[in-house]
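Work through the exercises below with the model open. Try each task before reading its solution.

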Amino acid sequence: MIRPVLCGAIVGATTCYAGLAQAYIGPGAGLSALGIVFALIATVALAVVGFVWYPVKRMLRRKDGTNSQQRDTEPARRDDPRHSSSTRS
């Protein structure tokens with residue numbers, strides 16, 4: 001039981017004590033890393049919009065009494081000859 005805890009403590013201490021890593025990150029890898037960070041931020045933002053905004057929008061529409069399936073214009077009636085495609089020349 002003490003051995004895994006001791007090994008974890010040693011690994012943690014050496015990781016925290018690590019000095020400068022003498023490594024070079026080229027511009028391609030740096031820009032890729034920045035792109036990934038921005039993509040993750042955008043993904044989280046769109047998830048918030050998807051899970052929060054659309055239900056709120058639906059709730060507001062219900063409160064107004066309009067249905068999302070209703071249209072602003074009235075659909076053409078079948079017995080109205082002005083809107084029938086068969087009367088066009």
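Four short exercises on this predicted model follow.

**Exercise 1.** Describe the secondary structure and the surface of the protein chain.

*Solution.* Start with the elements: the chain has 2 helices and 0 strands. Next, take burial. Of its 89 residues, 2% count as buried. Last, take the area. The accessible surface is about 8,900 Å². Carbon and sulfur atoms account for 64% of that surface.

**Exercise 2.** Check the length of helix α1 and decide whether it is covered or open.

*Solution.* Helix α1 runs over residues 2-16, which is 15 residues. At 1.5 Å a residue, counting one less than the number of residues, the expected span is 21 Å. The end C-alpha atoms of α1 are 21 Å apart, so the two values agree. Now count buried residues in α1: the number is 0, so this helix lies largely in the open.

**Exercise 3.** Follow helix α2 from end to end.

*Solution.* Helix α2 covers residues 27-64. Its 38 residues reach 53 Å from first C-alpha to last, close to the expected 56 Å. Along the way, α2 bends by about 25 degrees at G50. After α2 comes G65, with a positive phi near 90 degrees.

**Exercise 4.** Place M59 and say whether it is buried or exposed.

*Solution.* First, locate M59: it sits in helix α2. Then compare its accessibility with the cut-off. Exposed means over 50%. M59 has 53% relative accessibility, so it counts as exposed. Finally, look at its company. M59 belongs to a nonpolar surface patch that includes V44, F51, W53, Y54 and L60. Together, the patch residues have about 1,000 Å² of accessible area.

Terms used: Residues are numbered from 1 along each chain as its sequence is written. This is a predicted model: local features need pLDDT of at least 70, side-chain atom pairs count only at pLDDT 80 or more; totals for chains, interfaces and linings use all residues. Side-chain values use heavy atoms; hydrogens and water are left out. Patches are made of residues with over 30% relative accessible area and no salt bridge: like charges are joined within 9 Å, nonpolar side chains (Val, Leu, Ile, Met, Phe, Trp, Tyr) within 5 Å. Accessible areas come from the Shrake-Rupley method with a 1.4 Å probe; for residues, only the protein chains shown count as cover. A salt bridge is a side-chain nitrogen of Lys or Arg within 4 Å of a carboxyl oxygen of Asp or Glu. Helices (H or I, at least four residues) and strands (E, at least two) are DSSP runs, numbered from the N terminus. Buried means under 20% relative accessible area, exposed over 50%, partly exposed in between (1.4 Å probe, protein chains only). The bend at a residue is the angle between axes fitted to the seven residues ending there and the seven starting there.
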